[in-house]
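This report looks at how charged and nonpolar side chains are arranged in one protein chain. Please keep the sequence and the model at hand while reading.

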Amino acid sequence: MEERILTVNDNVIAETLESLRKANRKANALMESYKPVLHGERLMTDGELATALRVSPRALRDYRNEGILPYIRMKGNILYRESDVERVLKRCIRGKMTLQSG
């Protein structure tokens, strides 16, 4: 039986290396888009929520200060539980409250 040394120029090795590169790119993309969860719940940052609701960060601050929007302060960052935001929006849709501040 003839022994053969494989190099990076061999098709089997080249295909394996390309598969590893693709897997690495996918893993990096997943890590970049990863959002931490707290007890299985997604947390949103001030910027993410402002963008999603199409309001200014100042409006979010007003909602927090007026007790309209629950939040978590963690190491100087403001975070919102997705379920809290949904609950507030549902109350607004039902007409039980408004998000107008001031």
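## Helix α3 and its buried side

Which residues of α3 are buried? In this predicted model, the buried residues of α3 are Ala-59, Leu-60, Asp-62, Tyr-63 and Arg-64, and this buried set packs against α2 and β4. The list includes Asp-62 and Arg-64 alongside Ala-59, Leu-60 and Tyr-63. After α3 comes Gly-67, which has a positive phi near 75 degrees.

## The nonpolar core

Ala-59, Leu-60 and Tyr-63 also belong to the largest nonpolar core, which has 12 residues and further includes Met-44, Leu-49, Ala-50, Ile-68, Leu-69, Ile-78, Tyr-80, Val-85 and Val-88. At least two residues of this core come from each of α2, α3, β4 (77-81) and α4 (82-93), and α3 gives the most, with three residues. As a general background to such an arrangement, nonpolar side chains in soluble globular proteins tend to be buried together.

Tyr-80, one of the core residues, has contacts with several parts of the chain when residues up to four places away in sequence are not counted. Among its contacts are the core members Met-44, Leu-49, Leu-60, Leu-69 and Val-85, while Arg-42, Leu-43, Thr-45, Pro-70 and Tyr-71 are touched as well. Tyr-80 also touches both Asp-46 and Arg-64, a pair taken up in the next section.

## A salt bridge between α2 and α3

The model has six salt bridges by the criterion applied here. In one of them Arg-64 is paired with Asp-46, and the closest N and O atoms are 3.1 Å apart. This pair links distant parts of the chain, since Arg-64 lies in helix α3 (residues 57-65) and Asp-46 in helix α2 (residues 46-53), 18 residues apart.

How is each partner classed by accessibility, buried or partly exposed? Arg-64 has a relative accessible area of 13% and is therefore buried, because the class covers values under 20%. Asp-46, at 21% relative accessibility, counts as partly exposed.

## A charged network on helix α1

Salt bridges with shared partners join Glu-18, Arg-21 and Arg-25 into one network. Glu-18 forms a salt bridge with Arg-21, with the closest N and O atoms 3.6 Å apart, and another with Arg-25, at 3.4 Å from N to O. Both Glu-18 and Arg-21 lie in helix α1 (residues 11-33), where they are three residues apart, or about one turn of the helix. In general, an α-helix has 3.6 residues a turn, so residues three or four places apart point the same way.

The three members of the network share one accessibility class: Glu-18 is partly exposed at 32%, Arg-21 counts as partly exposed at 44%, and Arg-25 is likewise partly exposed at 47%.

## The surface patch and the segment before α1

Which residues form a nonpolar patch on the surface? The patch is formed by Val-8, Leu-17 and Leu-20, which together have about 270 Å² of accessible area. Leu-17 is found in helix α1 and, at 30% relative accessibility, counts as partly exposed.

Asp-10 is found in the segment before α1, and at 14% relative accessibility this acidic residue counts as buried. When neighbours within four places in sequence are left aside, Asp-10 is in contact with Arg-4 and Ile-5.

Terms used. Residues are numbered from 1 along each chain as its sequence is written. This is a predicted model: local features need pLDDT of at least 70, side-chain atom pairs count only at pLDDT 80 or more; totals for chains, interfaces and linings use all residues. Side-chain values use heavy atoms; hydrogens and water are left out. A salt bridge is a side-chain nitrogen of Lys or Arg within 4 Å of a carboxyl oxygen of Asp or Glu. Helices (H or I, at least four residues) and strands (E, at least two) are DSSP runs, numbered from the N terminus. Buried means under 20% relative accessible area, exposed over 50%, partly exposed in between (1.4 Å probe, protein chains only). A nonpolar core is a set of buried Ala, Val, Leu, Ile, Met, Phe, Trp, Tyr and Cys residues joined through side-chain atoms within 4.5 Å. Contact means heavy atoms within 4.5 Å. Patches are made of residues with over 30% relative accessible area and no salt bridge: like charges are joined within 9 Å, nonpolar side chains (Val, Leu, Ile, Met, Phe, Trp, Tyr) within 5 Å. Accessible areas come from the Shrake-Rupley method with a 1.4 Å probe; for residues, only the protein chains shown count as cover.
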